[in-house]
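Good morning, and thank you for coming. I would ask you to look at the structure on the screen while I speak.

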Amino acid sequence: SVPAVDWRAPEPPTARDDVGAKTERVERSIRDLISSGELGPGGRLPSERQLAEQLDAGRTTIRLILMKLATEGSVRSEHGRGYFATATDDAEPASD
């Protein structure tokens with residue numbers, strides 16, 4: 001008997017796969033910036049526009065990643081001011 005063959009050609013790994021890989025790369029870069037200690041606890045991250053330019057990504061992608069990191073507690077958002085690295089577990093959180 002002849003095995004069943006999927007008549008549809010597989011889609012080439014283009015747009016969707018590339019977007020996922022790019023988003024992961026951008027997220028990893030932002031996490032590395034935060035964890036490097038370069039910013040320090042409470043240090044301000046570059047603006048969305050600067051991150052988008054530096055990481056060759058769209059601002060929507062940057063914004064979604066920053067919102068995810070804020071939900072996780074890695075950064076905090078201050079309306080009109082930007083995103084800030086949060087204090088490490090052994091440090092006191094910054095007060096408003």
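I shall go from the whole chain to its core, then to two helices, and finally to the loops and one strand.

Please keep in mind that this is a predicted model. The protein chain contains 3 helices and 2 strands. Read from the N terminus, the order of these elements is α-α-α-β-β. The chain has 96 residues, and 22% of them are buried. Its exposed surface comes to about 7300 Å², of which carbon and sulfur atoms supply 51%. Let us also consider contacts between residues at least 6 apart in sequence: 55% of these join residues at least 24 apart.

We now turn to the interior. Which residues of the largest nonpolar core touch the most other members? This core has 15 residues, and the ones in question are V26, I30, I34, L45, I62 and L66. Helix 1 (15-35), helix 2 (48-55), helix 3 (59-72) and strand 2 (82-85) each contribute at least two residues to the core. Helix 3 gives the most, with 4 residues.

I34 deserves a closer look. If we set aside its neighbours within four places in sequence, I34 is in contact with L39, L45, L69, S74, V75 and A85. One of these partners, S74, will return when we come to the loops.

Next, helix 3. It is made of 14 residues, and the distance from its first C-alpha to its last is 20 Å, close to the 20 Å expected at 1.5 Å a residue. Which residues of helix 3 are buried? They are I62, I65, L66 and L69. These four lie on the same side of helix 3, because they cover an arc of only 100 degrees around the axis. A general rule is useful here: an α-helix has 3.6 residues a turn, so residues three or four places apart point the same way. On the other side of helix 3, T60 and T71 are exposed.

Helix 2 can be described in a similar manner. Its buried residues are E48, L51, A52 and L55. They too cover an arc of only 100 degrees around the axis, and therefore sit on the same side of helix 2. The face turned away from that buried side carries R49, E53 and Q54, which are exposed.

Let us stay with E48 for a moment. Is E48 buried or exposed by its relative accessibility? The value is 16%, and residues under 20% are classed as buried, so E48 counts as buried. Not counting residues up to four places away in sequence, E48 touches R59, I62, R63, L66 and Y83. Two of these partners, I62 and L66, were named a moment ago among the buried residues of helix 3.

We come now to the loops. Directly after helix 2, D56 has a positive phi of about 55 degrees. D56 is located in the loop between helix 2 and helix 3. Most residues other than glycine have a negative phi. D56 is a residue other than glycine, and yet its phi is positive. With a relative accessibility of 56%, D56 counts as exposed.

After helix 3 we meet G73, which also has a positive phi, near 90 degrees. G73 belongs to the loop between helix 3 and strand 1 (75-78). Its relative accessible area is 38%, and G73 is thus partly exposed. The C-alpha atoms of G73 and A85 are 8.9 Å apart, while the two residues are separated by 12 residues along the chain.

S74 is in the loop between helix 3 and strand 1 as well. What does S74 contact, leaving aside its neighbours within four places in sequence? The partners are R31, I34, L69, F84, A85 and T86. For S74 and F84, which are 10 residues apart along the chain, the C-alpha atoms are separated by 8.6 Å.

The last residue I wish to show you is E78, which is found in strand 1. E78 is buried, with a relative accessible area of 18%. Its side chain makes a polar contact with the side chain of R81, at 2.3 Å.

To close, I would ask you to remember two points. In helix 2 the buried residues share one side, and in helix 3 the buried residues likewise share one side. The largest nonpolar core draws at least two residues from each of helix 1, helix 2, helix 3 and strand 2. Thank you for your attention.

Note on methods:
Residues numbered from 1 in each chain as written. Predicted model: local features only at pLDDT ≥ 70, side-chain atom pairs only at ≥ 80, totals over all residues. Heavy atoms only, no water. Core = buried A, V, L, I, M, F, W, Y, C linked by side-chain atoms within 4.5 Å. Buried < 20%, exposed > 50% of the residue type's maximum accessible area, 1.4 Å probe, protein only. Contact = heavy atoms within 4.5 Å. Expected span 1.5 Å × (residues − 1). Arc of directions from axis to C-beta. Areas by Shrake-Rupley, 256 points an atom, 1.4 Å probe, with all protein chains shown as cover. Polar contact = N/O pair within 3.5 Å; in protein donor to acceptor, adjacent residues only side chain to side chain.
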